[in-house]
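User: Could you take a close look at the salt bridges in this model for me, especially where the two domains meet? I would like one connected walk-through.

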Amino acid sequence: MQSWSDNALPTVPGAGPPLRLYDTADRQIRPVTPGATAKMYVCGITPYDATHLGHAATYLAFDLVNRVWRDAGHDVHYVQNVTDVDDPLFERAARDGIDWRDLGSSEIDLFREDMSALRVLPPRQYIGAIESVEEVVEVVQKLLASGAAYIVDDAEHPDIYFRTDATEQFGYESGYDRATMEKFFAERGGDPDRPGKRDTIDALLWRAERPGEPSWQAPFGAGRPGWHIECAAIALNRIGTEFDVQGGGSDLIYPHHEYSAAHAEAITGTRRFARHYVHAGLIGLDGEKMSKSKGNLVLVSKLRRSGVDPAAIRLGLLAGHYRQDRMWTDAVLDQAQARLARWREAVSLASGPSATDTVARLRQHLADDLDTPKALVAVDNWAEQAIAYGGTDTAAPALVRTAVDGLLGIAL
């Protein structure tokens with residue numbers, strides 16, 4: 001699948017401290033220690049609706065990880081999937097009277113446009129579920145052969161499920177107790193009441209063919225992939241296990257990331273699918289959770305069409321810490337637009353105060369679990385001094401412009 005266009009990444013003079021990130025599994029901030037090539041997998045969209053600010057906030061967080069790594073001299077192997085075959089896509093297409101393939105294609109195109117406008121660095125590999133079906137079939141075969149998966153006793157719909165007890169460490173990633181798992185499993189795409197399952201929270205690996213649904217041939221019967229196995233297969237075949245970061249929104253902690261990790265660990269025998277599990281907070285609107293059911297999604301494309309500078313959208317989302325659930329309001333956007341105008345005014349000056357310490361603080365804050373609120377304040381302080389008092393360093397405005405571009409992804 002085609003990714004979106006890349007943005008030139010400027011070289012920022014100097015170097016910063018190593019990146020530290022909060023790991024969901026270990027419940028603490030600790031160093032990320034990639035080799036020469038840093039490896040990251042981030043779960044992508046199910047393309048049945050346009051990119052909203054919750055999506056954008058997640059991909060901006062991992063864009064910062066990408067930028068900090070590149071600034072440190074790492075090559076970055078970034079993989080992202082697209083769940084372009086799934087129930088929500090079929091349901092929306094049926095509601096709107098269009099082919100699900102056409103709906104998926106149009107929404108993927110719009111997502112690419114939004115990511116490019118927000119200056120999110122593209123993944124090296126952008127992989128759809130459809131194009132990875134053969135990989136999923138191979139993985140499911142291995143799980144069946146090892147006894148980690150089973151076929152339900154249902155002649156009409158012989159679906160295949162993963163045994164939750166197939167790995168001893170199941171549950172380490174989320175840390176949730178059984179009651180919480182059951183709650184989220186039911187709320188987030190699980191099927192606890194499916195007859196024939198050995199455990200109510202066993203996860204679907206392969207959905208047997210149903211009338212009116214797309215399906216692919218497999219040795220164990222025609223059907224289509226489950227959600228979690230898709231990401232496990234795509235990651236395993238491109239960056240292996242024990243890669244540096246698996247990322248996504250906090251609503252993916254369980255069941256999605258717990259099961260995708262367990263699937264891969266059951267096949268490979270490794271202790272951890274990823275070295276770090278990193279999750280971004282959710283975005284609300286005016287005091288309420290933002291959701292499709294509430295009809296209160298703020299779409300990136302709609303903001304862009306209304307004339308909002310994508311750099312202001314990016315700044316508004318970076319004003320809050322990536323791990324915190326936070327609200328999007330008119331005030332957040334107004335503050336972001338004002339901040340963007342101040343920064344652009346400051347870097348347009350012929351000279352300003354020295355920016356060496358400012359760039360060092362910017363790097364330091366980003367390396368400390370992507371502390372963007374403090375990083376933005378560091379740039380604010382320089383901009384305010386430059387506008388109010390000027391300075392004699394003719395190289396400072398260009399240095400700030402380069403650092404803000406390279407590290408924060410904001411074009412001034």
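Analyst: Happy to help! Let's begin with the term itself: a salt bridge here is a side-chain nitrogen of Lys or Arg within 4 Å of a carboxyl oxygen of Asp or Glu. Side chains of opposite charge can pair when their charged atoms come close. By this rule the count comes to 35 salt bridges.

A word on the ground rules. This is a predicted model, in which local features need pLDDT of at least 70 and side-chain atom pairs count only at pLDDT 80 or more, while totals for chains, interfaces and linings use all residues. Residues are numbered from 1 along each chain as its sequence is written, and side-chain values use heavy atoms, with hydrogens and water left out.

Now to the place where the domains meet. Domain 1 covers 20-294 and domain 2 covers 329-408; these bounds come from an automatic or database domain assignment. In the contact between them (heavy atoms within 4.5 Å), domain 1 takes part with 12 residues and domain 2 with 13 residues. The C-alpha centres of the two domains lie 36 Å apart. About 1,100 Å² is buried between domain 1 and domain 2, and carbon and sulfur atoms give 53% of that area. Buried area here is the accessible area (1.4 Å probe) that two parts lose on being put together, summed over both.

Three salt bridges are found across this interface. The rule also finds eight residue pairs in polar contact there, both residues being at pLDDT 80 or more. A polar contact is a pair of N or O atoms within 3.5 Å; within protein, one must be able to donate a hydrogen and the other to accept it, and residues adjacent in sequence count only if both atoms are side-chain atoms. On the side of domain 1 that touches domain 2, strand S1 (20-23) and helix H1 (53-71) are the elements that give two or more residues. Helix H1 gives the most, with six residues. Helices (H or I, at least four residues) and strands (E, at least two) are DSSP runs, numbered from the N terminus.

One salt bridge to look at closely is Arg20 with Asp368, whose closest N and O atoms are 3.1 Å apart. Asp368 sits in the loop between helix H11 (356-367) and helix H12 (372-389), and Arg20 belongs to strand S1, so this pair ties together parts that are 348 residues apart in sequence. How exposed are the two partners? Asp368 is partly exposed, at 34% relative accessible area, and Arg20 is partly exposed as well, at 33%. The cut-offs are under 20% relative accessible area for buried, over 50% for exposed, and partly exposed in between (1.4 Å probe, protein chains only).

Asp405 and Arg119 also meet in a salt bridge, at 3.0 Å from N to O. Asp405 lies in helix H13 (residues 396-408) and Arg119 in the loop between helix H3 (100-117) and strand S5 (125-128), so the pair joins parts 286 residues apart in sequence. Both Asp405 and Arg119 are buried. Elsewhere, salt bridges that share partners join Asp23, Asp26, Arg30 and Arg272 into one network.

For another pair, turn to Asp96 and Arg95, where the closest N and O atoms of the salt bridge are 2.8 Å apart. Asp96 is partly exposed, with a relative accessible area of 39%, whereas Arg95 is exposed at 60%.
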